[in-house]
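Visitor: I am new to this structure and would like a close look at a single part of it. Could you choose the main sheet, and walk me through it and whatever surrounds it?

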Amino acid sequence: MKRRKFIKNSGALTAGILTTPVIASSTPKVNNEQGPINAAKGTIPIAICTWDFGNATAKAWEVLNAGGSSLDAVHQGVMVEEDNLENQTVGTGGRPDRDGNVTLDACIMDKDANCGAVLALQNIANPISVARKVMEETPHVMLVGKGAEQFAYEQGFEKKNLLTEKSKKEWEEWKKTSNYKPIINIENHDTIGMLAIDKNGDISGACTTSGMAYKMAGRVGDSPIIGAGLYVDNEIGGATATGVGEEVVRTVGSFLIVELMRQGKSPQEACEEGVKRIIAKNKDKQDFQIGFIAINKNGDTGAYCIHPGFTYRTYTDEGHINNPSASYLKS
Ligand code: SD4
């Protein structure tokens, strides 16, 4: 298949099951109410994430509430989903590429614009922890493939088989047809991107995914790319993305949203503009989903997506809420 054609089709990659984690009963102040669309006013500290990953925001909140840093909060928060075997789009249990290999992408960024990323990492359960090590222990920002894996072993990470029986079975089924059909919102778009502000007012972000199910070997999307899947500027705010990574990369979506906030837009307005830039580049084709979330220095939040159905979690002193995101298309 020609590259352009594959990328076009990859917007229509076939289905998975969107996992909706249950909130742990021991979590303080959990609120399963639906918030209003575009819950905008925030407080500090705050943790937010893409989709309904309430266990992840609960973990991040625990760190923030105890006075921990936003960096530790996002790191520990997204790890919850990396370790969640039921989540087939992040970490262990993630769906493999076409050849049956689970390859993971992750990045992390702190208040001083330090960042680290791993791309197409295999056999390591927590790519976000390796990304943090890249940030803290090397002079580099990104490590890819075998080099990233080697680095992880040197840092003491253990080799692990990431392909669960469930994901393996589904992949074997998929191979019978290798058929790509879009199913909006359950087409593998439950990457976790998380943003947090700690009690000091400092912002950090993290993003982690197994990427598109049944992707070409070596394919990397937006999630580990600083500026595309995640961007943080401690003076302004942060943004992160979920959905068809190729489209987010084309507009450097998360960086764009932070820059729009720098120009005075609210997180909500900035997310809307981010989605509209993607729409403008896809006038004839809107059969894919993108969701952005953003936060500014005050803890105000925003979210926007192409198709209805995207939600995001917010955790503040005022509660723990799954917020439906407004969408460009209405149905
Ligand atoms: C990617 N943005 O690799 C990711 C896809 C996604 O859950 O959101 N997966 O393009």
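Guide: Here is a walk along the sheet, with stops at the helices and charged pairs around it. Please keep in mind that this is a predicted model. For a sense of the whole, the chain has 331 residues, and 61% of them are buried. They are arranged with nine helices and 13 strands. Of the contacts with a separation of 6 or more, 69% are between residues 24 or more positions apart.

Now to the sheet itself. Eight strands make up an open sheet with mixed pairing, and reading across you meet β4, β3, β2, β6, β5, β1, β11 and β12 in that order. The edges are β4 (142-144) and β12 (319-324), each of which pairs on one side only. From one strand to its neighbour the turn is 10 degrees on average, with direction ignored.

Let us start at the β4 end. One step in from that edge strand comes β3, in the order given above. Strand β3 (residues 115-121) runs antiparallel to β2, and five bridges join the two. To find one of these places on the structure, look for Ala106, whose bridge partner in β3 is Val118.

Two helices rest on this end. Helix α4 packs on the sheet, where it touches β2, β3, β4 and β6, and its direction makes about 135 degrees with that of β3. Helix α5 lies across β3 and β4, and runs at about 105 degrees to β4. These two helices also pack on each other. In general, a packed pair of helices is described by the angle between the axes and the distance between them. For α4 (residues 127-137) and α5 (residues 145-154), the angle is about 80 degrees and the axes are 10 Å apart. Angles of 65 to 115 degrees count as roughly perpendicular, and α4 and α5 are therefore roughly perpendicular to each other. On the α4 side the contact is made by Val130, Lys133, Val134 and Glu137, and on the α5 side by Ala148, Phe151 and Ala152. Five of these contact residues are nonpolar and two are charged, with no polar ones.

Charged side chains also meet elsewhere in this model: the whole structure holds 15 salt bridges. Asp72, Arg132 and Glu136 are linked in a network of them. Another pair is Glu170 with Arg95, whose closest N and O atoms are 3.0 Å apart. Glu170 sits in helix α6 (residues 165-177) and Arg95 in the loop between α3 (70-82) and β2 (104-109), so this pair ties together parts 75 residues apart in sequence. Arg95 counts as buried, because its relative accessibility is 1%.

Next, let us cross to the other end of the sheet. Strands β11 and β12 form a hairpin, with two residues between them. They run antiparallel and are joined by six bridges. One place to look is Tyr312, which stands opposite Asn323 in β12.

Although β12 is an edge strand, is it enclosed or open to the outside? Six of its six residues are buried, so β12 is largely enclosed by the rest of the structure. Both of its faces are covered: Gly319, Ile321 and Asn323 are buried on one side, and His320, Asn322 and Pro324 are buried on the other.

The partner strand in the hairpin, β11, brings us to one more salt bridge. The side chains of Arg313 and Asp52 meet there, at 2.6 Å from N to O. Arg313 belongs to strand β11 (residues 311-316), while Asp52 is in the loop between β1 (46-50) and α2 (54-65), and the two are 261 residues apart. Residues count as buried under 20% relative accessible area. Arg313 is therefore buried, at 1%, and Asp52 also counts as buried, at 16%.

To retrace the walk: we began at the β4 edge, where α5 lies across β3 and β4. We then followed the sheet to the β12 edge, a strand that pairs with β11 in a hairpin. With the structure open, you might turn it until the two edge strands, β4 and β12, are both in view.

Notes:
Residues are numbered from 1 along each chain as its sequence is written. This is a predicted model: local features need pLDDT of at least 70, side-chain atom pairs count only at pLDDT 80 or more; totals for chains, interfaces and linings use all residues. Side-chain values use heavy atoms; hydrogens and water are left out. Axes are lines fitted to C-alpha atoms, for helices over the stretch in contact, and angles run from 0 to 180 degrees between N-to-C directions. Helices (H or I, at least four residues) and strands (E, at least two) are DSSP runs, numbered from the N terminus. Angles under 35 degrees count as roughly parallel, over 145 as roughly antiparallel, 65 to 115 as roughly perpendicular and the rest as oblique. Contact means heavy atoms within 4.5 Å. Ala, Val, Leu, Ile, Met, Phe, Trp, Tyr, Cys and Pro count as nonpolar, Asp, Glu, Lys and Arg as charged, and the others, Gly among them, as polar. A salt bridge is a side-chain nitrogen of Lys or Arg within 4 Å of a carboxyl oxygen of Asp or Glu. Buried means under 20% relative accessible area, exposed over 50%, partly exposed in between (1.4 Å probe, protein chains only). Two strands pair if DSSP finds at least two bridges between them.
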